[in-house]
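User: I would like to learn how helix packing, a buried charged residue and a pocket are read from a model. Could we begin with the idea of burial?

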Amino acid sequence: MALEDVPSMISLEEARALVLDAVAPMAIEDVPLLDAVGRVAAKPLTSDIDVTPFAHSAMDGYALRASELEMASNEMPVALKVVGLIGAGSVFEGTIEEGQCVRIMTGAPLPADADAVVKYEVVTTLSGDGGEGSVVAFMDPVNPGNNVRPAGEEAQAGEVVIQPGEVIGCAGVGFLASCGVTEVPTYKHPRVAIIATGSELVDANTVPGPGQIRNSNSYAMAACAQEAGAIPTMEPICADTYEGLRDAVAKAAKDYDFVITTGGAANGDFDFIKPVVDELGTLMMTTVNMRPGKAQTFGLVEGTPVFGLPGNPAAAYIGFEMLIRPALRKMQGYSTYEHPSVKARLTTDVKKKDPRRIFTRATIVRGEDGDLEVTPAKNQSSGLFGVIQRSNALVVMEEGKESKHAGDEVTCVLLDIPEGVVI
């Protein structure tokens with residue numbers, strides 16, 4: 001699509017759909033089990049055995065036949081002789097005759113002649129120490145299967161235990177280990193090039209001279225990409241020349257899976273990302289009906305997504321969270337793309353003069369009455385990172401010019417809560 005044919009303004013929802021439609025899951029790689037935590041399974045994962053492979057005791061106690069205790073009561077206790085002791089990792093190979101039981105520990109295999117376990121604490125020792133050779137008494141009947149975990153309780157041999165698309169948690173790692181899965185097929189982390197543009201920029205370890213500022217955007221966007229699961233690389237600062245940006249984007253599009261530039265996304269004399277993407281590939285988006293972050297450039301170069309963020313820190317950050325982060329998550333196989341939202345009560349008035357959808361940096365807490373309260377930051381300058389650092393939410397001021405007042409309920413995007421969490 002040529003530059004003159006790109007829609008002048010699209011909604012945030014249209015922009016997100018456009019970006020998501022342009023990306024696909026990465027190639028599949030096998031990773032060691034521990035490295036799979038938090039990642040998405042790309043193929044069905046099956047167990048090689050029944051889990052557990054044998055019926056075992058759920059607690060320390062006595063293994064026996066439940067039929068032995070049918071008449072047990074406080075008035076007529078049933079006495080049984082203890083003929084063995086089974087610890088975890090050992091097997092009872094004897095026979096449990098009538099009038100006998102076996103001392104058993106948690107996790108130990110249930111003897112073939114037993115069908116129930118009575119926990120140790122409710123059994124009375126009549127002679128001995130409760131171990132082998134002792135005589136113990138039972139006061140209550142039990143049902144078959146009492147305190148017994150059956151073989152294959154969690155999984156059967158050959159059963160799919162993790163489905164494709166499932167996010168593997170810490171418990172999932174343990175589950176897969178018990179199923180004999182030590183390598184997990186998952187989607188590769190996308191490699192992301194971060195290119196900051198601006199002749200005024202200097203490295204973070206350089207003291208700025210007159211008219212210069214430190215390159216904070218590259219660090220922030222690299223951090224955002226890393227938090228989203230990608231592998232970021234901060235490319236050299238690109239001066240404000242068309243040729244320089246064109247060459248940097250062209251090279252990055254060949255070497256990386258996603259390219260992010262910051263700065264030069266508007267319509268100034270030194271804003272080149274739109275014509276660069278238009279020349280090198282397919283330009284698909286230039287502006288979004290949001291603030292901060294109206295100027296958002298997106299397109300494909302050599303089939304690689306290229307996203308031009310504004311240079312203002314808040315505009316770049318919100319553009320990333322709203323549009324780039326969902327794309328990076330899709331590339332890693334995730335099916336949830338947006339931070340959770342909640343309703344909260346404003347603590348102050350918020351005036352609105354701009355008809356665009358506005359994202360106001362804010363802090364959300366639970367009030368004394370238990371309801372959520374949100375307080376917008378006093379300084380909403382789009383040039384500040386510190387305000388975002390001290391915020392945990394974005395108040396969403398919908399399109400139009402309707403102001404909000406203290407006590408009004410507003411929608412808030414939770415920045416510190418991962419996607420997919422039910423609030």
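Analyst: A residue is called buried when its relative accessible area is under 20%. The model shown here is predicted.

User: Which residues of helix H5 are buried?

Analyst: In helix H5, residues 273-280, they are Ile273, Lys274, Val276 and Val277.

User: How is the placement of such residues around a helix understood?

Analyst: An α-helix has 3.6 residues a turn, so positions three or four places apart point the same way. In H5, the buried residues lie on the same side because their arc around the axis is only 165 degrees.

User: Against which elements do the buried residues of H5 pack?

Analyst: They pack against helix H4 (242-255) and against strands S17 (258-262), S18 (282-287), S20 (295-301) and S21 (304-309).

User: Is Asp354 buried or exposed?

Analyst: Asp354 counts as buried because its relative accessibility is 14%, below the cut-off of 20%. Asp354 sits in the loop between strand S22 (341-346) and strand S23 (357-366). Its side chain makes a polar contact of 3.3 Å with that of Arg291. Beyond four places in sequence, Asp354 is in contact with Arg291, Gly400 and Lys401.

User: How is a pocket read?

Analyst: Rolling a probe the size of a water molecule over the atoms reveals where empty space remains. Here, the second largest pocket has a volume of about 300 Å³. Its lining comprises 13 residues, with Cys224, Glu227, Tyr317, Ile388 and Gln389 nearest the centre.

User: Which helix supplies the largest share of that lining?

Analyst: H3 does, with 4 residues. By class, the lining has 7 nonpolar, 3 polar and 3 charged residues.

How values were computed
Residues numbered from 1 in each chain as written. Predicted model: local features only at pLDDT ≥ 70, side-chain atom pairs only at ≥ 80, totals over all residues. Heavy atoms only, no water. Helix = DSSP H or I, 4+ residues; strand = E, 2+ residues; numbered from the N terminus. Buried < 20%, exposed > 50% of the residue type's maximum accessible area, 1.4 Å probe, protein only. Polar contact = N/O pair within 3.5 Å; in protein donor to acceptor, adjacent residues only side chain to side chain. Contact = heavy atoms within 4.5 Å. Arc of directions from axis to C-beta. 1 Å grid on protein atoms, 1.4 Å probe; cavity = no way out; pocket = protein on both sides within 12 Å on 5 of 7 lines; lining within 4 Å. Points joined across faces, edges and corners; volume = space filled by probe spheres on them. Nonpolar A, V, L, I, M, F, W, Y, C, P; charged D, E, K, R; others polar.
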